[in-house]
Amino acid sequence: MTDDQLPRSEATGARPTARVLIVDDEESIRRLVSKWTDISGYEVKAASSAEAALLMMHAWTADIIVCDIRMPRYSGVWLIEHLRTLYPTTAIIISTGYGEVDPSLLMRAKITGYLAKPYDRETLMAALDQAMEARKPDEPPLH
């Protein structure tokens, strides 16, 4: 039985409940990453743009955001700058299919993780687990 076929209780392991927002302009990536995240025990929502993600955060504050860097209109960098101002404790994992990311962005925006596309479910789960561990032990989920 593959992980995609496991009942949620068997697929989740001991992961804490956390809200994850997937931000990517490519629908196929949003759906696949959302599915992987959901069957692993996280609450998940997805947004197709930086603007939609920011609006969603006002109503449904995520603990972790997996954000594509290159998107039409407003980039992931634009979104990250706004998130850092409005939601400083939200963990941010960036994803890109365009090579290296500026190291100064990683430091300045306190990026928790980096995913180079294409990535697999295990790589995503490791990044999400690392993001949860990076949160302070006394810091509850944001919701």
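## Helix packing around a parallel sheet

The axes of helices H2 and H6 come within 10 Å and cross at roughly 60 degrees, which makes H2 oblique to H6, and the crossing of the two is right-handed. These values, like everything that follows, were computed from a predicted model. On the H2 side of the contact stand Val-33, Trp-36, Thr-37 and Ile-39, and these meet Arg-121, Leu-124, Met-125 and Leu-128 in H6.

Helix H2 covers residues 27–39, and at 1.5 Å a residue its 13 residues should span 18 Å, which agrees with the 18 Å that separates its end C-alpha atoms. The buried residues of H2 are Ile-29, Arg-30, Val-33, Ser-34, Trp-36, Thr-37 and Ile-39, a list that includes Val-33, Trp-36, Thr-37 and Ile-39, the H2 residues named above as meeting H6. H2 is followed by Gly-41, for which phi is positive, near 100 degrees.

A second pair of helices packs in another orientation. Helix H3 (residues 50–59) and helix H4 (residues 76–86) have axes 9 Å apart and pack at an angle of about 20 degrees, which makes H3 roughly parallel to H4. The crossing of H3 and H4 is right-handed. In this contact Ala-50, Glu-51, Ala-53, Leu-54, Met-57 and His-58 of H3 meet Trp-78, Leu-79, His-82, Leu-83 and Leu-86 of H4.

The two helix pairs are set out below.

| Helix pair | Axis separation | Angle | Handedness |
|---|---|---|---|
| H2 and H6 | within 10 Å | roughly 60 degrees | right-handed |
| H3 and H4 | 9 Å | about 20 degrees | right-handed |

The sheet is open and consists of 5 strands in the order E2-E1-E3-E4-E5, with parallel pairing. Strand E2 (43–47) and strand E5 stand at its edges, each with a single partner strand, so one side of each is left without a neighbour in the sheet. From one strand to the next the twist averages 20 degrees. H4 packs on this sheet, touching strand E1 (19–23), strand E3 (64–68) and strand E4, and the direction of H4 makes about 175 degrees with that of E4. H6, for its part, lies across E1, E3, E4 and E5, and runs at about 135 degrees to E3.

At the E5 edge, strand E4 (residues 91–96) is joined to E5 by 4 bridges, and the two strands run parallel. Among the bridge partners, Ile-93 is matched with Gly-113 in E5, while Thr-96 is matched with Ala-116 in E5. Along E5 (residues 113–116) the side chains alternate, in that Gly-113 and Leu-115 point to one face and are buried, whereas Tyr-114 and Ala-116 point to the other and are not.

Gly-113 also serves as a reference point for a residue of H6. Ala-126 is found in helix H6, which comprises residues 121–134, and although Ala-126 and Gly-113 are 13 residues apart along the chain, their C-alpha atoms are separated by 9.4 Å. How exposed is Ala-126? Its relative accessible area is 47%, and Ala-126 is therefore partly exposed, since a residue counts as buried under 20% and as exposed over 50%.

Conventions: Residues numbered from 1 in each chain as written. Predicted model: local features only at pLDDT ≥ 70, side-chain atom pairs only at ≥ 80, totals over all residues. Heavy atoms only, no water. Buried < 20%, exposed > 50% of the residue type's maximum accessible area, 1.4 Å probe, protein only. Expected span 1.5 Å × (residues − 1). Pairing = 2+ DSSP bridges. Axes fitted to C-alpha atoms, helices over the stretch in contact; angles between N-to-C directions. Parallel < 35°, antiparallel > 145°, perpendicular 65-115°, else oblique. Left-handed = near helix turned anticlockwise from the far one by under 90°. Contact = heavy atoms within 4.5 Å.
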